[in-house]
Each structure stands twice: as C-alpha cells, then as structure tokens.
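User: I'm new to this one, so please show it to me and take me through it in small steps.

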Amino acid sequence: MPEISAREHRWLPVSAGAAFIVFALLWIGYAQQWDWLSRLDIAALAPAHDYGIAHPGWVTAWDVFATALGPGAFRIAVAVVIVVLLVQRQRRPAIFLLITVELSALVTELAKLLAGRPRPATRLVDAYGSSFPSGHALGIMVGVLALLTIFLPKAVAALRPWLVVLGGVLILAIGVSRVLLNVHNPSDVLAGWALGYAYFIACLLVLPPWPQGSGRSTASAR
C-alpha cells in the first residue's frame, strides 16, 4: 500500500468532513421533513414502483443482484481474506479490513437506530431494519474502498484503472438497486454513501493498513 502523502493527509480529512456534513444534512432534512427532499424521494420511487409492479422479473433480478453482491456477501468474503492475511502474518491489513468492512455493520445499525426512518410504504421486496441510511450503500462503499486499498497496489498496472471503474460501477449499481426496489429513498442511499466514505477515510487515517515509512510503497510500485 503506498504511503499516505502529506498532501493526502490534508485533503482526505477535508473530504471525509464534507461527506459527513452531507450525511448530517440529509438526516436533518428527513427529521425536519424538508419538502423539496421529500418530493425528490417520491419522484424517484414512484416510477420505479410502477415499473416493478408491471415487471416482477425485473424486481427479482435486482433483488438477487443486491443480495449476491450486497454487504453481507462482501463481509463473508472479506472474513476469508482476513484469515488468509493472518495466516500470512500480515496483521495490520487484516485488522484494517476487520475495522473497516466488518465493523461497518455496527456503524450502519447505530445510524439506523438513531434516525429510525421507516421503509418506503411502496417497497417491492422485504427488507430488514429501518431505512436511513442505506446499509447496502454504506457497506459496499466501505467494502470496495477497503479492498481496493489493500489489493490495488498489488495488481498489474494496466488492470488498476479497470478495477477502480469496476468498483465504482458496483457502488453505484448497488445503491441504485435499493431505489429501484423501493426499499430505500434516494436520500437514504446518498446518506449511506456519504457516511460510508467518511467512516472509511477515518479508519484509513487512524489505522492505515501498512506502517508509514515501511518502504512498502517503493516495493508495491515495482
């Protein structure tokens, strides 16, 4: 893992702070029932609901996709990776993945408990828990970023941009799927992305997966 440069140490906390502000504003917007936010949520949910009612196969496909590539599946896969890293005596990246990916579930549940927003009445499939923020959006944001942080420097240079694009598409697709299924408002998904990013950056700054100044940056670049 490349070392975090002095410049990154400056802008990463700023970006995390901005993301957390977005999360807080969306929470306040729901709690205060901001009219424009409610209208935007309804405007996105209504056509997705109507299309889903008319096309049950569409609903099933998105539900399977969101389940197969959701945060639960990510956490199972990452648990295996953690065990492999521990066997290889790479404790620091293993702990990093544990704190980021696995414990993001606790962050999600705490945020949901504090907000207590009910699911949309138009939901097309069953979904556990409350609505704000989206646990899928938060979990996949953290999972993708954490795995890219660990494994991107080890990938062939030509593949790295494609892996980043693939990760971005997965984050976007999972978030959109929750709106298409009407189990989350768009504001829930945006809040999940924002809180997930802020949490990941906080973990990265507090407990980077490689010791700074270890020389591993040079080795990974070769």
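User: Which relative accessible area does Arg-39 have: is it buried, exposed or partly exposed?
Analyst: This is a predicted model, where local features need pLDDT of at least 70, side-chain atom pairs count only at pLDDT 80 or more, and totals for chains, interfaces and linings use all residues. Residues are numbered from 1 along each chain as its sequence is written, and side-chain values use heavy atoms, leaving out hydrogens and water. Buried means under 20% relative accessible area, exposed over 50%, and partly exposed in between (1.4 Å probe, protein chains only). Arg-39 is partly exposed, at 49%.

User: Which residue does the side chain of Arg-39 meet in a salt bridge?
Analyst: A salt bridge here is a side-chain nitrogen of Lys or Arg within 4 Å of a carboxyl oxygen of Asp or Glu. The partner sits four residues from Arg-39 in helix α2 (residues 35-54), so about one helical turn separates the two. Helices are DSSP runs (H or I, at least four residues), numbered from the N terminus. With 2.0 Å from N to O, the partner is Asp-35.

User: How many residues apart in sequence are the parts tied together by Arg-117 and Asp-41?
Analyst: The side chains of Arg-117 and Asp-41 form a salt bridge at 3.1 Å, N to O. Arg-117 belongs to the loop between α6 and α7, while Asp-41 is in helix α2, so the pair ties together parts whose separation in sequence is 76 residues.

User: Are Arg-117 and Asp-41 buried or exposed?
Analyst: Arg-117 has 10% relative accessibility, so it counts as buried. Asp-41 has a relative accessible area of 3%, so that one too is buried.

User: Which residues do salt bridges with shared partners join into one network?
Analyst: Arg-117 also meets Asp-188 in a salt bridge of 2.8 Å, N to O. That pair links distant parts of the chain, with Asp-188 in helix α9 (residues 186-206) and Arg-117 in the loop between α6 and α7, 71 residues apart. Asp-188 is buried, at 0% relative accessible area. The network joins Asp-41, Arg-117 and Asp-188.

User: How far apart are the end C-alpha atoms of α4?
Analyst: Helix α4 (residues 71-87) has 17 residues, and the expected span is 1.5 Å times one less than that number. That should come to 24 Å, and the end C-alpha atoms agree, being apart by 24 Å.

User: Within what arc do the buried residues of α4 fall?
Analyst: The buried residues are Pro-71, Phe-74, Arg-75, Val-78, Ile-82 and Leu-85. They line one face of the helix, because seen down its axis (by directions from the axis to the C-beta atoms) they fall within an arc of 90°.

User: Which residues are exposed on the other side of α4?
Analyst: The buried residues of α4 are covered by parts that include α5 (91-102), α6 (104-115), α7 (135-151) and α8. On the other side, the exposed ones are Ile-76, Val-80 and Val-87.

User: Which exposed residues does α6 carry on the face turned away from its buried side?
Analyst: In α6, the buried residues are Ser-104, Thr-108, Ala-111, Lys-112 and Ala-115. Seen down the axis, they fall within an arc of 100°, so they line one face of the helix. The face turned away carries Leu-106, Leu-113 and Leu-114.

User: Which residue comes after α6 with a positive phi?
Analyst: The twelve residues of α6 should span 16 Å, which agrees with end C-alpha atoms 17 Å apart. Following the helix, with a phi near 65°, is Gly-116.

How values were computed:
Contact = heavy atoms within 4.5 Å.
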